[in-house]
Every structure is written in C-alpha cells, then in structure tokens.
Amino acid sequence: MKIQQQANTLVLSDITELNAANSSAFRDQARTALGEQCANVDIDLSQTRRVDSSGLGALISLQKTVCARGGSIRILRPTPIVSQILELTRLHRVFEIVGN
Amino acid sequence: MDVLLNCAVNTAAVPVLDRRRPAVLAPFLGESVLVHALAGLAAAGTRRVCLLPADRAEEFRPFVGRGNPWGLEIQLAPAGGPPPPEFATARAVLLDRLPQLPDQPLWESYPGWFAAQQALLPTVARQRVGMREVSPGVFVGLRSQVAADAQLLAPCWIGANVFVGPSAIIGPAAIVEDGSYVDAGAEISGSLLGPGTYAGSFTEIRGSFAAGSELLNLASGSVTEVTDRFLLGTVQPPAGGGGGWRRLFQLGRPSRARPVAADRTALTGGWGTTGERLEGNPGGSEPGRMPPAGL
C-alpha cells in the first residue's frame, strides 16, 4: 500500500486486496499515517481485486475515526468488483464514491 | 413436423452463461432456456426434435428426457456431429431466441437475456403448476413462504420452495428462482436470484444475476465472487442429509430452533444436494431438477 499526504488529505493507493489477510494492517497503517495534520482520507481502490467483510469493516472503522475528527473519507475509482460489493452491502450510500 | 434444434449458440457477448453448463441450459424462469424452447415448439405443432449440442452433450438428457412432458420425441445428436438421417428434411432452428419470443434475442447481452425472461414471465407463470398470482403481476410458486411484512412489487416471480424473510423487498422486475432464500431486510430489484441461492440480511441486489456466491452485473458483465457466506451463497442442505424421516422426526420433537432455521430445513430437506436433477422426469416443477447453483 502506498501512503501519500496532500495538504490535509491522506491518500491511500496501490491496494490490491482488502480482506481478512490485510485489513488489520491496512487500518493500523492508515491510522498511524493520519497523524494530527490530516483531516480527510482518500482511498484509491482502482487496483483492488478482492474485498470481503473484514476489508469493509476496516473502511468503516477508518471512517468513524476520520468523522470523529470532523473530516471526511472518499473512495476513489473503485473497480467493478469493489463497486458490486459496496452495492451488495449498501455501503455505496455510506461512503462518498468518486469516479465510479 | 420435425425440427433440428441447433443449440450451438453464439455466447461471445454473454460468456458467463456458458461457463458452467451450456448456455441453453442456464436457469430461465424455473426451468432452462431449452425446456422453454421445447414447450414453444410443441405448442407450434412440432412432433419430433433433434438436439444439436455444441459441446457437453451428456448434460442435455437430464433436462429433456425423451420429451414426454411436451408430447415430443427427442433425439440427441453427438456434440458437433451430423444430425441423424431421418432429420434430413427437418426444419433447422437456431436457439438464439425462443419460439414464444421471436423478436427477442437471447444471447446478445445480459440485459437482453434478462428482458426475455421478463417478457415471458406472465405467460409461463400462469401455466406453471402450483404458481399463484397473489396480486397483479406478482407470482409465487408452490411451497414458498413469504413473511407477512415482506413487499412483493410487480413484476415479480418467486419460484417454488422459496423463503422470503421479514421486511424483504422483492421487485420490481425481480426473479427469485426455486429453492432460494431471501433473508430479512434484503432487497432484490431488476435482478435474478439463481436457483438455491441465499441472499443475506439487508443485502441489496440491483441490476444483477446472483447465483451461488457469484454476482454478475447485468449492465457491465463484471463478475464478483463473494467470499462471505452471510452475504451471498448457496442454500445448504441440512447436515447429515435431509430425508423424509428426518423431517418427520423434526415435526415430532419440540422445536428449539428459531422459526427461520426450521424453515430453512423445510426448504432443503429431502432434495439430496442442491442442484441434483431427477433424470427422466422433466417439465415439472420439482425442486430437485434445479440447475446447479452458480453462474
């Protein structure tokens, strides 16, 4: 996973999988990188081929953290596979999705 | 009248339908495309049919038997082989559309395939044994259970042995095939839930074909394997098999299970495994004849 900071936004990209195998690491790395300066988080899921409920849980956990600070979280360019899972679980109504 | 029914259809635009079985055997309103085609040919006066499969010819016979349910005499040519000499003068028909829907191509796109089912739905539903029109455009099959507060929005097809849980919303334009289980709060619209498929609580299936744990987006053709069984999966038979004795035993003992669990047992008990077919008994609505779950 690649982590970049742009102004007050944290950009997470190069995520190929978001499932039980790496969701905890994803959440911990994102929280650590969030620090004090970043209010918003953009998660680029254009490379993501697998998502399961653990990965979705990590996204929701991160959103709660960000929202508690008054920030927002966006999902960028999700692959069709990710979009289908988000729609199946109705999370497309919870997250702001950009470039679907 | 004799017909050479060519089942070697071009599925380049709908490859998913041809993946696990020949596309003409894909689930289609409680049966398969082939079975509906045979019914249409029989209604048009055909007496003998020779099937010309492109491949996997051995999978055809359990679906069509000898043709008795339709009053047809059916022969099955070897895959890719020539038709029998007695069909030399027969009319050749390509199964790229159904006789009942001559203007509706089946294999040009996934939405087209789904639209064909929508178009044929009222006709088939009114002919199917045990299916009732509970409100205009809403059809519910034999032994299906629908929770009192579930919403069924027309047009809508609920097959046989289906369970629809509390607060679920089915329709508009939804087809739930035989033996499926729609859990509480789930929403299915503009979609098809394949035979023996479980849709989890509060899931939302729109514009898709869900079969087993696979989800096909009808518009984009994208296929996703859902790994979480509580979201989407195959309805499992009860552990230890499910015969009539097991169901009798369960009727006689005090129930400690939740009603939903008991319903699930009733749905699957006695079928053997989901997807098992009863050879030589085509044309009915027995759940055991369901095509296997999966796209």
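**Helix on the big-numbered strands of B**

I started with helix H3 (residues 110–127) of chain B and asked what it lies across. In this predicted model, H3 of chain B lies across S7, S8, S11, strand S14 (174–176), strand S17 (191–193) and S21 of chain B. I noted its direction too: it runs at about 75° to S11(B).

**The sheet under it**

Next I traced the sheet those strands belong to. I get an open sheet of 8 strands in chain B, ordered S7-S8-S11-S14-S17-S20-S21-S22, and the pairing is mixed. Which strands stand at the edges? I find strand S7 (132–135) and strand S22 (223–225) of chain B there; each has a single partner strand, so one side of each is left without a neighbour in the sheet. From one strand to the next, I read an average twist of 15°.

I then walked in from the S7 edge. S7(B) and S8(B) run antiparallel and are joined by 3 bridges. They make a hairpin with 2 residues between them. Gly137(B) sits in that turn, and I noted its positive phi of about 85°. Across this pair, Glu133(B) stands opposite Phe139(B) in S8(B).

One step further, the direction changes to parallel: strand S8 (residues 138–140) of chain B is joined to strand S11 (residues 156–158) of chain B by 3 bridges. I looked up Phe139(B) again here, and in S11(B) the residue opposite is Trp157(B). So my note on Phe139(B) has two entries, Glu133(B) and Trp157(B).

**Cis peptides in B**

While on chain B, I checked the peptide bonds. As background, most peptide bonds are trans. Where are the cis ones I wrote down? The bond between Ala154(B) and Pro155(B) is cis, with omega about -10°. Pro155(B) lies in the loop between strand S10 (151–152) and S11 of chain B, and S11 is the strand that carries Trp157(B). I also have a cis bond from Gly171(B) to Pro172(B), omega near 0°. Pro172(B) is placed in the loop between strand S13 (169–170) and S14 of chain B.

**The 4-strand sheet of B**

I moved to another sheet in chain B. This one is open, has 4 strands in the order S5-S4-S1-S6, and its pairing is parallel. Strand S5 (73–76) and strand S6 (91–94) of chain B are the edge strands, each pairing on one side only. The twist here averages 25° from one strand to the next.

I picked the S1/S6 pair for a closer look. How many bridges hold it? Strand S1 (residues 2–6) of chain B pairs with S6(B) over 4 bridges, in the parallel sense. Leu5(B) has Val93(B) in S6(B) as its bridge partner.

**Chain A on its own**

For chain A I count 3 helices and 7 strands. From the N terminus on, the order reads β-β-β-α-β-β-α-β-α-β. The C-alpha trace spans about 35 × 25 × 20 Å along its principal axes. I compared the radius of gyration with what a compact globule of 100 residues would have: near 13 Å is expected and chain A has 12 Å, which agrees.

Then I checked how two of its helices pack. The axes of helix H1 (residues 23–34) and helix H2 (residues 53–68) of chain A come within 9 Å and cross at roughly 20°. H1(A) and H2(A) are therefore roughly parallel to each other. I logged the crossing as right-handed. On the H1(A) side, the contact uses Ser23(A), Phe26(A), Arg27(A), Ala30(A) and Arg31(A). Among their partners in H2(A) are Gly55(A), Ala58(A) and Leu62(A). By type, the residues of this contact split into 4 nonpolar, 6 polar and 2 charged.

One backbone oddity in chain A: Arg90(A) has a phi near 65°, positive in a residue other than glycine. Arg90(A) is in the loop between H3 and strand S7 (96–98) of chain A.

**Where A meets B**

Last, I looked at the interface. In contact are 15 residues of chain B and 10 residues of chain A. Which strands of chain B each supply at least two residues to the side that touches chain A? Strand S19 (204–206) and strand S21 (214–217) do, and S19(B) gives the most, with 3 residues. I sorted that side of chain B into 6 nonpolar, 6 polar and 3 charged residues.

From the other chain, helix H3 (residues 80–88) of chain A lies across S21 and S22 of chain B. This helix runs at about 105° to S21(B).

Methods. Residues numbered from 1 in each chain as written. Chains lettered and ligands numbered in written order. Predicted model: local features only at pLDDT ≥ 70, side-chain atom pairs only at ≥ 80, totals over all residues. Contact = placed C-beta atoms within 7 Å. Nonpolar A, V, L, I, M, F, W, Y, C, P; charged D, E, K, R; others polar. Axes fitted to C-alpha atoms, helices over the stretch in contact; angles between N-to-C directions. Parallel < 35°, antiparallel > 145°, perpendicular 65-115°, else oblique. Left-handed = near helix turned anticlockwise from the far one by under 90°. Pairing = 2+ DSSP bridges. Rg over C-alpha atoms; globule rule 2.2 N^0.38 Å.
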